[in-house]
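Colleague: Could you walk me through this one? I'd like to hear how each label is earned.

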Amino acid sequence: MKFDTLDLLELFESYPRFPYGEEQQIYWYKTSDEKNIILTLDVFSYENKCYISILSKGQETPIFKIEAKKVTHLIRKENSLYINMENNEFYKLFFKPYIAIRINEED
């Protein structure tokens, strides 16, 4: 899986957390928007997979949660992040002006 950590830093506006130590190459990113919607992205680079969760602040149960398998690239385009997978499927995460997700759908 290929990705630029600086792109993720800029999109999430914070450094990742390493829940199992940096050597495991598992990255945990978290951000929120003005409407108190929280986006988390767990990147398992050795396993080529990501977990995406969207939830409302103060809630324990996610509004949306999905596992992206066989991830090949994480690509930033302006205020969006594409999660590309082997089978030509992708998820597009939006960061501004609000957090949103599209599945296999361009603008």
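Colleague: Which residues have the most contacts inside the largest nonpolar core?

Modeller: F12, L39, L41, L74, L81 and I83, in a core of 22 residues. One caveat: this is a predicted model, where local features need pLDDT of at least 70, side-chain atom pairs count only at pLDDT 80 or more, and totals for chains, interfaces and linings use all residues. Residues are numbered from 1 along each chain as its sequence is written, and side-chain values use heavy atoms, with hydrogens and water left out.

Colleague: What makes a set of residues a nonpolar core?

Modeller: Its members are buried Ala, Val, Leu, Ile, Met, Phe, Trp, Tyr and Cys residues joined through side-chain atoms within 4.5 Å. Here α1 (5-12), β1 (26-32), β2 (37-44), β3 (49-56), β5 (71-77), β6 and β7 (90-94) each give two or more residues. The top contributor is β2, with four.

Colleague: What does L39 touch?

Modeller: Beyond residues up to four places away in sequence, L39 touches F12, Y29, K30, T31, I52, S53, I54, L93, F95 and I99. A contact here means heavy atoms within 4.5 Å.

Colleague: Why is S80 called buried?

Modeller: Buried means under 20% relative accessible area, exposed over 50%, and partly exposed in between (1.4 Å probe, protein chains only). S80 has 8%, so it is buried. S80 sits in strand β6 (residues 80-85), and its contacts, apart from neighbours within four places in sequence, are L11, I75, K92, L93, F94 and F95.

Colleague: Why does N36 count as partly exposed, and K70 as exposed?

Modeller: N36 has 38% relative accessibility, between the two cut-offs, so it is partly exposed. K70 has 53%, which is over 50%, so K70 is exposed. N36 lies in the loop between β1 and β2, with phi near 65°. K70 is in the loop between β4 (64-68) and β5, and its phi is about 55°, positive although K70 is not a glycine.

Colleague: How do you know that the protein is as compact as a globular protein of its length?

Modeller: There is one helix and there are eight strands (DSSP runs: H or I of at least four residues for helices, E of at least two for strands, numbered from the N terminus). The radius of gyration, taken over C-alpha atoms, is 13 Å, and the globule rule (2.2 Å times the number of residues to the power 0.38) gives 13 Å for 107 residues, so the label fits.

Colleague: Which peptide bond is cis?

Modeller: The one from K96 to P97, with omega near 5°. P97 is in the loop between β7 and β8 (100-103).
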